[in-house]
Amino acid sequence: MKTLAATPGRFIRLGAPISVIVAAIIALILVACALLASWIAPYDPTDLASFELINAELPPAFTADGDSRFLLGTDNQGRDLLSAMLYGARVSIAIGGGAVLLAATLGVTLGLLAGYFGGRVDALIMRVADVILSFPTILLALLVSGIARAIFPGAATAEWAPVILICAIAIHEWVQYARTVRAATMVETAKDYVRAAKVIGLPPRRIMLRHILPNVMSPVLVISTINLAAAVLTEATLSFLGVGMPPTYPSLGTLIRIGNEFVFSGIWWIALFPALALVILVLAVNIVGDWLRDRFNPKLRVKR
Amino acid sequence: MNVQSTPVLAIDSLRVEYPLANGSVFTAVENASLIIRPGEIHALVGESGAGKTTIGNTVMGLLEKPGRIAAGSIHIDGKRFDPARGSAEGIVLGRDVGAVFQDPMTSLNPLFTIESQLTEAMRFHLRLDKAAARARALELLESVGIPEPKRRLKAYPHQLSGGQRQRVVIAAALSCNPKLVVADEPTTALDVSVQAQILKLLRDLADGRGIGILLVTHNMGVVAQIADRVTIMHRGKVVETGTTEEVLRRPKASYAKALIGAVPRIDQRLDRFPVLGDEGKGRAERARAELRAKAERSNVAAEEAPILSVENLCVDYTTSGWLPGSKGHRFRAVDGVSFSVRSGEVFGLVGESGCGKTTIANVVSGLVRPTAGRVLYRGQSIAGGGASRRVGPLRQAIQMIFQDPYSSLNSRMRIGSILSEPILFYRLASTRAEAENDVARLIEAVGLEAEAAERFPHAFSGGQRQRLSIARALGARPKLIVCDEPTSSLDVSVQAQILNLLKDLRDATGLTLLLISHDLAVVRQMCDRVAVMRQGQLLEQADSETLFDAPQHAYTKELLSLVPTLDRIRGETKAA
């Protein structure tokens, strides 16, 4: 998605409406800010020595009591909110991206196997997928992170939190990849070029990777953009519920949770700004993803 | 035929255009004129992209946007067709113009009974009440020759065979007494025996009811059998028009001559198909000689022994659910078939769809496992009868060419990678450079230029892709190539080129070919020996000449008599 967004000219040639181009640019800017957090953030929110409790809960700089050092104010620990958000967005996007990558790898592999071999392999993989789909995403993620926390207790939790989150989210998302890839693989496997590869005598692994995989990848890329937004949201939800990233390493969701405790005391900015950033990021990615899905869905494509 | 009566269809210098995205205009039909009188069947023939279907669609008002009529006029039953409205004043599609489409599997709605599909148009256009429409539907089914019409009215499309469905489609087209029927490839999706019945039905309708029929087709045999007049189209232009006999026997335009010459004959065997322009022949021959030198000729001693024997082959297809206890359904596709193929010959396997010929091709090439019986390659079991997994030289020895050239090449790979895959896999070249050189020779051997290796499959036409598909099969240096309907999705002139190529390659490299086809004329032109199949069983096998000149089995005789060919031209039989 990033390589596509990096060339707006190509979007225009693909016939993207202006809203999609704007969304793509916004998504690109947000992702770039998050990735460059260490360089553009005014403070390092992970460095405990850099902030003081005396600065806690300062309002944004543009309000009457604002402090010009802190553009969007500070949180309850005295951290610069803007810096915390930039780092938080990085954590959110990293976990979302990691989850999508893991889910896609797992789902594409299993989908290829199920679609190519069919029969018992297919039945086994797809039944497991059905069982997983019968759990709500959040419930399954809570379950996984709960189990993981029981296994890695105490101090290790903070370091392992991103990995646990990635696994917790991916365990639900791979199903969508597996189903899509399985269906596409079945169609491709019946085509003559795959039969030709079989007649040549190529081993199944090579047929799947070299011949079928490139032909089933376009729906995978489309699902990935939409799933990226969903994964960022799931991560935020988990962090909001307190089973995600710890306050020492906050993601956008963690910041919203911290802010939530102060909203009714009139300290609105801690929750509002991270929430706004999250909404804009997810919305932008979703708009691009929806458009890609429509664009590459042959059933929705207008006949030319 | 009453020459004085108003023509049911008169097209005068019609021009149909499609504006393209880059601002230019694609002319699909240019300056086309034709006249159909009542009771006349006018055939519109040409290869794919000739514009014949565009004319059919335009007449029916089904011209798709952004296509438009740029010039000329169409009169249906004397009334002028209005391009703006997409119909003629007082002429209603479905009432005055009936339509018969190619695929009877998709032109009926699977969710409605035959009765509701037949009566719909009558109730809407003729305002008949339910009982009257039903009575007329019964009458129609009877007139198109469907047995037990009363019971069929309650049936759904999937309960009828392909031929019966096409009869229903014709009955629906006739339901409101149209003056004109547009039949677009009405028999292309059907077997020869069913095709013969449908063609007879169309002829009877024209003669008996005085309906004018515009028959769009690519099959010259069909034209010869039922059409009164023919118009041949090429790239949107009419190249020749006249009575069927004039056009087919004494074509004037060079394209018409080439097109008619390319039709495979069933009455006698020719050495090669006459083809326009065999360019690059010398290069292809040199490449083939090189291929031949590379393939080690170890089969000198084995010349007499069969290269392939199929013994009592049975294949069952079972459909079963994954849940334990769900019942499977069993279908025997191939039932006790035995034959053997001699080294260096072309062996033909013919039969109608569903007779099991493709299943045999799949077993021989190792894609399907037999239920019983076995397949021997030079005396060694390769399928069934305790054959182990086919590896190495045995796999390499048998390669395959497929029917659909559009799906048989991986669209994401360059031609060079596609062709070098078998070469590298079997280590037939020691270095990558040598493999690339081999690929270039292969491409030249099938009559294309070596630069093709750099391009992707979409840059090639159907015939060129089929050539590349043949090159890929040759890449593994096989001894036997299974050709599964290698030309049935190609235009007749391209078919002639591909068949010539297969013949040349056979002569140059001493290959053995197992040719699977439903087209008897193609089989006669290509094969040394032929086996005829029906419903999974092998009925008769003989030398090609013997089989075509003196068939033994009743089914073979019937098949041969039903094939529409150019040697029986309508109108001429009466005179002769």
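A residue counts as buried if 20 or more other C-beta atoms lie within 10 Å of its own, as exposed if there are 12 or fewer, and as partly exposed in between. With that in hand, let us walk through this predicted model, beginning with two residues of chain B.

D77(B) has 19 other C-beta atoms within 10 Å, so this residue is partly exposed. You will find D77(B) in the loop between β4 (68-76) and β5 (79-82) of chain B. Most residues other than glycine have a negative phi. D77(B), however, is not a glycine and still has a positive phi of about 50°. E185(B) has a positive phi of about 50° too, and is not a glycine either. E185(B) sits in the loop between β8 and α6 of chain B. Is E185(B) buried or exposed? Because E185(B) has 20 C-beta neighbours inside 10 Å, it counts as buried.

From that loop we can step into helix α6 of chain B, which covers residues 192-209. Its 18 residues, at 1.5 Å a residue, should span 26 Å, and the end C-alpha atoms are 25 Å apart, so the two values agree. Many names appear among the buried residues of α6(B), including V192(B), V194(B), I198(B), L199(B), L202(B) and L205(B). An α-helix has 3.6 residues a turn, so residues three or four places apart point the same way. What do the buried residues of α6(B) pack against? Their partners in chain B are the strands β3 (41-45), β8 (180-184) and β9 (212-217), together with the helices α5 (162-174), α7 (220-226) and α19 (554-562). After α6(B) comes G210(B), with a positive phi near 70°.

Further along chain B there is an open sheet of six strands, in the order β17-β18-β19-β14-β20-β21, with mixed pairing. At its edges are β17 (398-401) and β21 (537-543) of chain B, each of which pairs on one side only. On average, neighbouring strands of this sheet are turned by 20° against each other, direction ignored. Inside the sheet, β14 (residues 346-350) and β20 (residues 529-534) of chain B run parallel and are joined by four bridges. Here F347(B) stands opposite R529(B) in β20(B). Helix α15 (residues 462-475) of chain B lies across β17 and β18 (480-484) of chain B, and runs at about 175° to β17(B).

Now turn to chain A, whose secondary structure comes to twelve helices and zero strands. Its C-alpha atoms fill a box of roughly 75 × 50 × 30 Å along the principal axes. Of the 304 residues in chain A, 44% are buried. Among contacts in this chain between residues at least 6 apart in sequence, 68% join residues at least 24 apart.

One helix pair in chain A is worth a look. The axes of α10(A) and α11 (residues 252-260) of chain A come within 7 Å and cross at roughly 35°. This crossing of α10(A) and α11(A) is right-handed. Among the residues that meet there are L238(A) and F240(A) in α10(A), and L252(A) and I256(A) in α11(A). The residues of this contact divide into five nonpolar, four polar and two charged.

Finally, where do the two chains meet? In total, 14 residues of chain A are in contact with 20 residues of chain B. On the chain A side, α9 (192-200) and α10 (204-241) are the elements that give two or more residues. The largest share, seven residues, comes from α9(A). This side of chain A divides into seven nonpolar, three polar and four charged residues.

Key
Residues numbered from 1 in each chain as written. Chains lettered and ligands numbered in written order. Predicted model: local features only at pLDDT ≥ 70, side-chain atom pairs only at ≥ 80, totals over all residues. Pairing = 2+ DSSP bridges. Axes fitted to C-alpha atoms, helices over the stretch in contact; angles between N-to-C directions. Contact = placed C-beta atoms within 7 Å. Nonpolar A, V, L, I, M, F, W, Y, C, P; charged D, E, K, R; others polar. Expected span 1.5 Å × (residues − 1). Left-handed = near helix turned anticlockwise from the far one by under 90°.
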